[in-house]
Structure formats: structure tokens, C-alpha cells
Amino acid sequence: MSEYEKFKAECVTEIDAQAQDRELGNLSGQWINRTTTHKYSYHFEWLNRPIIQYPQDIVVMQELIWNIRPDLIIETGIAHGGSLIFSASMLALLDMVEAIENGSTLDPKHSSRKVLGIDIDIRAHNRAAIEAHPMVSRIQMIQGSSIAPEIVAQVSEVASNHERILVCLDSSHTHDHVLAELEAYAPLTSVGSYCVVFDTVVEDIPAEMFPDRPWGPGNNPKTAVHAYLKDHPGFVIDRSIQHKLLITVAPDGYLKRVK
Ligand SMILES: C[S@@+](CC[C@H](N)C(=O)[O-])C[C@H]1O[C@@H](n2cnc3c(N)ncnc32)[C@H](O)[C@@H]1O
């Protein structure tokens, strides 16, 4: 066993112990509830665009992208574009690494790697900022509801030209919408890659935190994930990720495609 493998084995033991620490789990839940009242997830940027995520989840997405080496990342929910820019920047790094590994020249404007973002309302100022961003060459945006048949068809058409696909669902957070997104997009996930369903944490947060939202406990991405998994054995919840993070908006949302 290499020193790195020994270190990783120690991490697994430590993460298992951490996951069994109920008091820490409760404290982490309390922390998430409290930060929700301050709109904590709205206060970060990735390469100068607001990204509506917890930093912990961003770090894990970096780990997933590095390990999967996708050539397509499909994201529902663009908002200000921060998560698109994050994914595009990770794909740019992958291109750089592969150019070094292959001894080839890097041509940043001609990469086969791409992020495909879908949003029902791409606001003009967000679109303009994304289109002016240095990462734009790897980004394609589609405006429309992510569950509309014509949008699903466009996304499937793009996906048919790619081999390693990672999917991130972060648009409307109602049960029915996320279940329809899972039906449409989870099958595009390549075996060994992930379909990440954000904001499953809504199930664990008191209903009064979402007074003006159609979602809440009992009607949210986590209930959709559990319904979807009942008859889709090709996916498993990778709980090692939430055990590691403790603070995540996607508990039970990191779905690994195993077959
Ligand atoms: C939480 S934000 C996305 C945040 C973004 N992924 C990030 O990390 O910065 C949710 C977005 O979903 C979009 N949305 C809401 N309903 C939608 C639908 N039916 N189809 C596609 N997008 C939708 C909203 O317009 C909003 O921009």
C-alpha cells in the first residue's frame, strides 16, 4: 500500500467515525438551519460570478469532476451562472492536464468538453455576464423549462455526442419537477459518473424557512430521489460524500450510476 493509499484508508475510518457522531450531526443540522435564515449560500462567487452553493459542496464537485473527467456536464438551474462557470473552469483544467499528459498543444477555444445549462428564465444581465466570461467557449445555454419535452429532446441530442456525462439538478425544487428531471436526465449519466440532486436538504429544514416557496418537507428533491430510486437500481446514494461533508445541501443527493 502506498503512503497515499494508507492516508486515504485512515480518512475512510475517520469519516465513518464522524458519521456516527450524532451530536456533531445535530450541530451540523442546526448550523445549516441557521445559515439558511441568512441566505448563506448566496454569498459566494466562482471566478467572479455568484454561485448559489455551499462551499463544501463545491469542493466535492471538484473531486467528482477530477475523478470522472467528464466531457459533458448537464446542469439544470443557471441563475447568475456561477455553477456553469465553475464546471467550465474545471473542464478547462482537465483539458490542460490531458494536453500535458499527451504532450499536445492546448487550444482553449476548441475543446470537446462542454457544460450545458438549462434555465426557464436566463435573465439578460446574467446571460450577458456569462457570455462575456473567459470560460464561455465551453458553455452552452438553453432557455426553457427543464422538463418540457422539446428541451429534454435538445439536451438528449447534445448528450448523444458525448461519452462521459455528469448531471446536476438545481432548478425548481418541488417533488414532481425533480422527479420529472430525474426521469429525463438521470439516464444520460454515464456509468461510474454521478447525477447530483441539489437541495435535498429541504426535507430536513423546518417548513417555516420556506414560507414563499412551493417546496418544503414532504415535497422536495429528497422525496423525489427516494421515489426515483425505488425502481431505478442503476443508481445508488453515495453516502460516503455526505458523511464526509456533514454540511451539504445535497444529503442523499449524490447519486452514483453503478450500472
Ligand atoms: C438555485 S438556482 C440555480 C443556481 C445555480 N445552479 C448555481 O449554483 O449558481 C435555480 C434556478 O432554476 C431556475 N428554474 C426554476 N424553475 C425552472 C424550470 N422549470 N426549468 C428550468 N429552470 C428552472 C430558476 O430560474 C433559477 O435560475
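This is a chat about a predicted model, covering a ligand site, a helix and a few loop residues.

Visitor: Let's start with the ligand. How many residues surround it?
Guide: 16 residues surround the ligand. The closest are I52, G77, S83, D119 and D170.

Visitor: Which atom of the ligand does I52 lie 2.9 Å from?
Guide: An oxygen atom of the ligand. On the I52 side, the contact is made by a backbone N or O atom.

Visitor: And what does S83 use, side chain or backbone?
Guide: Side chain: a polar side-chain atom of S83 lies 3.0 Å from a nitrogen atom of the ligand.

Visitor: What about S146, side chain or backbone?
Guide: For S146 it is a polar backbone atom, 3.0 Å from a nitrogen atom of the ligand.

Visitor: How much of the ligand does the protein bury?
Guide: The ligand exposes 610 Å² when taken alone, and the protein buries 83% of that.

Visitor: Which pocket is the space taken by the ligand?
Guide: The largest pocket.

Visitor: Changing topic. Where is helix α2, and what should its residues span?
Guide: Helix α2 covers residues 22-37, which is 16 residues. At 1.5 Å a residue they should span 22 Å. The end C-alpha atoms of α2 are 23 Å apart, which agrees with that.

Visitor: What happens at the start of α2?
Guide: A side-chain oxygen of D21 reaches to within 3.2 Å of the backbone nitrogen of E23.

Visitor: Which residues in α2 are buried?
Guide: S28, I32, N33 and T35 are buried there.

Visitor: Why would residues three or four places apart in a helix point the same way?
Guide: An α-helix has 3.6 residues a turn, so residues at that spacing point the same way.

Visitor: And what comes just after α2?
Guide: K39, which takes a positive phi of about 55°.

Visitor: What sign does phi have in most residues other than glycine?
Guide: Negative, in most of them. D199 is not a glycine, yet its phi is positive, at about 65°. D199 is found in the loop between β7 (194-197) and α8 (221-230). L246 also has a positive phi, near 65°.

Visitor: Where is L246?
Guide: In the loop between α9 and β9.

Visitor: Why does L246 count as partly exposed?
Guide: Because its relative accessibility is 23%, and partly exposed starts where buried, under 20%, leaves off.

Visitor: Is A250, in that loop between α9 and β9, buried or exposed?
Guide: A250 is buried, with a relative accessible area of 0%. Its C-alpha atom is separated by 26 Å from that of R123, 127 residues apart along the chain.

Visitor: Where is D252 found?
Guide: D252 is in the loop between α9 (239-245) and β9 (254-257). D252 counts as buried because its relative accessibility is 7%.

Visitor: How far apart are D252 and V197?
Guide: They are 55 residues apart in sequence, and 8.2 Å apart in space, C-alpha to C-alpha.

Definitions and conventions: Residues are numbered from 1 along each chain as its sequence is written. This is a predicted model: local features need pLDDT of at least 70, side-chain atom pairs count only at pLDDT 80 or more; totals for chains, interfaces and linings use all residues. Side-chain values use heavy atoms; hydrogens and water are left out. Helices (H or I, at least four residues) and strands (E, at least two) are DSSP runs, numbered from the N terminus. The expected span of a helix is 1.5 Å times one less than its number of residues. Buried means under 20% relative accessible area, exposed over 50%, partly exposed in between (1.4 Å probe, protein chains only). A polar contact is a pair of N or O atoms within 3.5 Å; within protein, one must be able to donate a hydrogen and the other to accept it, and residues adjacent in sequence count only if both atoms are side-chain atoms. A residue is near a molecule or strand if one of its heavy atoms lies within 4 Å of it. Accessible areas come from the Shrake-Rupley method with a 1.4 Å probe; for residues, only the protein chains shown count as cover. On a 1 Å grid over the protein atoms alone, a cavity is a set of points where a 1.4 Å probe fits but cannot get out, and a pocket is an open set with protein on both sides within 12 Å along at least five of seven lines; lining residues have an atom within 4 Å of a point. A molecule sits in a cavity or pocket if more than half of its atoms lie within 2 Å of its grid points.
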